[in-house]
Amino acid sequence: QARASGTVTTISAMLRLSLDDGDDLTEEDRITVTHRNGEALNPPLAYGIDGYPQRGPTGYTLRLVEVR
């Protein structure tokens, strides 16, 4: 996201999913966050997966980058 000052900001996040929820994800997929801490987000936040999902012993960790 470019600012008037010429600086560029990137909004990123980490997401942890269970093995079942993250099993079929690839770096081509998109994630939409509709709620945070039980509160509805309006508008929802849209993220792309930055890199390949990392599988651990109990779930997946994803690096996300906001898409618009």
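This section describes the secondary structure, strand pairing, charged residues and local backbone features of a predicted model.

The secondary structure of the protein amounts to one helix and five strands. Read from the N terminus, these elements follow the order β-α-β-β-β-β. Of the 68 residues in the protein, 18% are buried.

Strand pairing was examined next. Strand 1 covers residues 12-18 and pairs with strand 5 in the antiparallel sense, over seven bridges. Strand 5 spans residues 59-66. Within this pairing, Leu-15 stands opposite Leu-62 of strand 5. Another residue of strand 1 is Met-14, whose C-alpha is 5.7 Å from that of Leu-62, although 48 residues separate the two in sequence. Met-14 has a relative accessible area of 52% and is therefore exposed, the cut-off for this class being over 50%.

Strand 5 also pairs with strand 3, again in the antiparallel sense, over three bridges. Here Gly-48 stands opposite Val-65 in strand 5. A further antiparallel pairing, over two bridges, links strand 4 and strand 5. Strand 4 consists of residues 54-55, and Arg-55 stands opposite Tyr-60 in strand 5. The connection between strand 4 and strand 5 is a hairpin through three residues. Strand 5 thus has antiparallel pairings with strand 1, with strand 3 and with strand 4.

Strand 2 (residues 30-36) and strand 3 (residues 39-49) run antiparallel and are joined by six bridges. In this pairing, Ile-31 stands opposite Tyr-47 in strand 3. Thr-34 is likewise a residue of strand 2. The C-alpha atoms of Thr-34 and Ala-46 are 8.9 Å apart, and the two residues are separated by twelve positions in sequence. With a relative accessibility of 39%, Thr-34 counts as partly exposed, since this class lies between the limits of 20% for buried and 50% for exposed residues.

The hairpin of strand 2 and strand 3 has two residues between the strands. Asn-37 is placed in the loop between these two strands. The phi angle of Asn-37 is near 55°, a positive value in a residue other than glycine. Asn-37 has a relative accessible area of 75% and is exposed. A second backbone feature occurs beyond this loop, at the peptide bond from Asn-42 to Pro-43, which is cis with omega near 5°. Pro-43 belongs to strand 3, the strand that is joined to strand 2 by six bridges and to strand 5 by three.

Charged residues were considered last. The structure holds one salt bridge. This salt bridge is formed by Arg-63 and Asp-50, with a distance of 2.5 Å between the closest N and O atoms. Arg-63 lies in strand 5, whereas Asp-50 lies in the loop between strand 3 and strand 4, so the pair ties together parts that are 13 residues apart in sequence. Both partners fall in the intermediate accessibility class: Arg-63 is partly exposed at 49% relative accessibility, and Asp-50 is partly exposed at 33%. The value for Arg-63 is 49%, so this residue does not reach the exposed class, which requires over 50%.

Asp-20, Asp-21, Asp-23 and Asp-24 form a negative surface patch. Of these, Asp-21 is placed in helix 1, which comprises residues 19-22. The relative accessibility of Asp-21 is 55%, and the residue counts as exposed. Membership of such a patch requires over 30% relative accessible area and no salt bridge; the salt bridge of the structure, in turn, involves Arg-63 and Asp-50.

Notes:
Residues numbered from 1 in each chain as written. Predicted model: local features only at pLDDT ≥ 70, side-chain atom pairs only at ≥ 80, totals over all residues. Heavy atoms only, no water. Patch = residues over 30% accessible without salt bridge, like charges linked within 9 Å, V, L, I, M, F, W, Y side chains within 5 Å. Areas by Shrake-Rupley, 256 points an atom, 1.4 Å probe, with all protein chains shown as cover. Salt bridge = Lys/Arg side-chain N within 4 Å of Asp/Glu carboxyl O. Lys, Arg positive; Asp, Glu negative; His and termini not counted. Charge placed at Lys NZ, Arg CZ, Asp CG, Glu CD. Helix = DSSP H or I, 4+ residues; strand = E, 2+ residues; numbered from the N terminus. Buried < 20%, exposed > 50% of the residue type's maximum accessible area, 1.4 Å probe, protein only. Pairing = 2+ DSSP bridges.
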